Amino acid sequence: MPQKKYTIKDVAKMAGVSKGTVDRVLHKRGKVSEKAQKKVEAILKEIDFHPNPVARNLKSNKTYHIAVLLPSEKIDPFWIPAHKGISMVKKEFRGFGLTISTYTYTDSSSFQACGKAVMDNPPDAIFMAPLFNKIALELICHCENQHILVGLFNNYLTTEENTLFVGQNLAQSGRVAGNLVDITLNTPVNLGVVHFNREPHMSVKETGLKTYLEEKGITTDITSIDIDTYDNPNYTTEIDNFVTSSNWDVIFVTNSKTYLMAESKKRLQKDFLLVGYDLLEKNIAFLKTGVIDFLIHQKPERQVVLGLNHLAEHLLFKKELPSKVLLPIDIISAENYRYHV
């Protein structure tokens, strides 16, 4: 038999007091006689009563605001699923007095401008992809001073502040790449690491890769390169030059722009193991034809949905806010990509 769901009216009737008295006991506000308090608390304990947080929030008419800061999908298609995730959460909490505003940036200057715009009208929480460490840490400090909740996704920042992080263990994802090299190739290995438009999290992935190979005693000759695709009209030539600069066994691309390396590999008809990140349409096309061997899926949409849900449920229903939510690290190949798109 399902357990009866009791209301405040039921508790008041059982305790022989008014609904207002029960409400004051539940929310620890207002004056209640000791006798009435004991009666109500005894009934609450007997029936294991828990208030309905949804009904309580709707009755209070209190509204909450979350500001989301993330890169524009126009400069990098990796962020398209993240923007889709924001729309999904907006619909989910539409009737709960929660508003979500999106601020997009393209570089450090616009990121700083977004932060200023947000703090001009302080929200209850900020959820952001902090691609620029120094600016992000300054913004987190401002939030702490104004008692604003902070959530981060995709890029982890080492901070003493009580912030939520949703994403992958970045060092571990680099180790997964190293494991793919280990099980796919014979040693020794001539390995290239390519950072397109380097961000802090890419270095963490490279460190994870190197640590894994060192621990396994795999002899490697590793060469790293940074290639800018935003302000460099000759980046295609730079990629080709890197591809032809050595007889690579492996090239590991530390972000979603793996397709740029795949284009060069195909154009120059080179044969090396190509490992990168994310299920962009261009990456999937090269994965299907075998130009890209493996992709590590970072699930940007899932990161946003989980992070915003945690912040929303904490604000609306007082649920405990976790400090870290780490997503699984999925290895995608030509054989299983269909199940992840």
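This is a short group-meeting talk about a few side chains in the structure above.

Okay, quick reminder before I start: what we have here is a predicted model.

Let's begin with Glu206. You'll find Glu206 in helix 9, which covers residues 200-215. Its relative accessibility is 7%, so Glu206 counts as buried. And what does the Glu206 side chain pair up with in a polar contact? That would be the side chain of Ser224, at 2.3 Å. If you skip the neighbours within four places in sequence, Glu206 is in contact with Ser224 and also Val193, His195 and Arg198.

Now, the cysteines. How many disulfides does the structure hold? Zero. Take Cys141: the nearest cysteine sulfur belongs to Cys143, and that's 9.2 Å away. A disulfide needs the two sulfurs within 2.5 Å, so Cys141 is in no disulfide. Cys143 isn't in one either. As for exposure, Cys141 is partly exposed at 38% relative accessible area, while Cys143 is buried at 1%.

On to the rings. Searching the whole structure turns up 11 aromatic pairs. One of them is Phe78 with Trp79: the centres sit 4.8 Å apart and the planes are at 80°, so we call that edge-to-face. Both are buried, Phe78 at 5% and Trp79 at 3%. Phe93 and Phe96 are edge-to-face too, with 5.9 Å between centres and 65° between planes. There, Phe93 is buried at 4%, but Phe96 is partly exposed at 21%. Back to Phe78 and Trp79 for a second: along with Phe127 and Phe153, they form one aromatic cluster.

Last bit, lysines over rings. Lys205 lies over the face of Tyr277, 3.9 Å from the ring centre, and Lys265 lies over Phe272, at 5.1 Å.

Conventions
Residues are numbered from 1 along each chain as its sequence is written. This is a predicted model: local features need pLDDT of at least 70, side-chain atom pairs count only at pLDDT 80 or more; totals for chains, interfaces and linings use all residues. Side-chain values use heavy atoms; hydrogens and water are left out. Helices (H or I, at least four residues) and strands (E, at least two) are DSSP runs, numbered from the N terminus. Buried means under 20% relative accessible area, exposed over 50%, partly exposed in between (1.4 Å probe, protein chains only). A polar contact is a pair of N or O atoms within 3.5 Å; within protein, one must be able to donate a hydrogen and the other to accept it, and residues adjacent in sequence count only if both atoms are side-chain atoms. Contact means heavy atoms within 4.5 Å. Rings of Phe, Tyr and Trp (its six-membered ring) pair if their centres lie within 6.5 Å; planes under 30 degrees apart count as stacked, over 60 as edge-to-face and the rest as tilted. A charge sits over a ring if NZ of Lys or CZ of Arg is within 6 Å of the ring centre and within 35 degrees of the ring normal.
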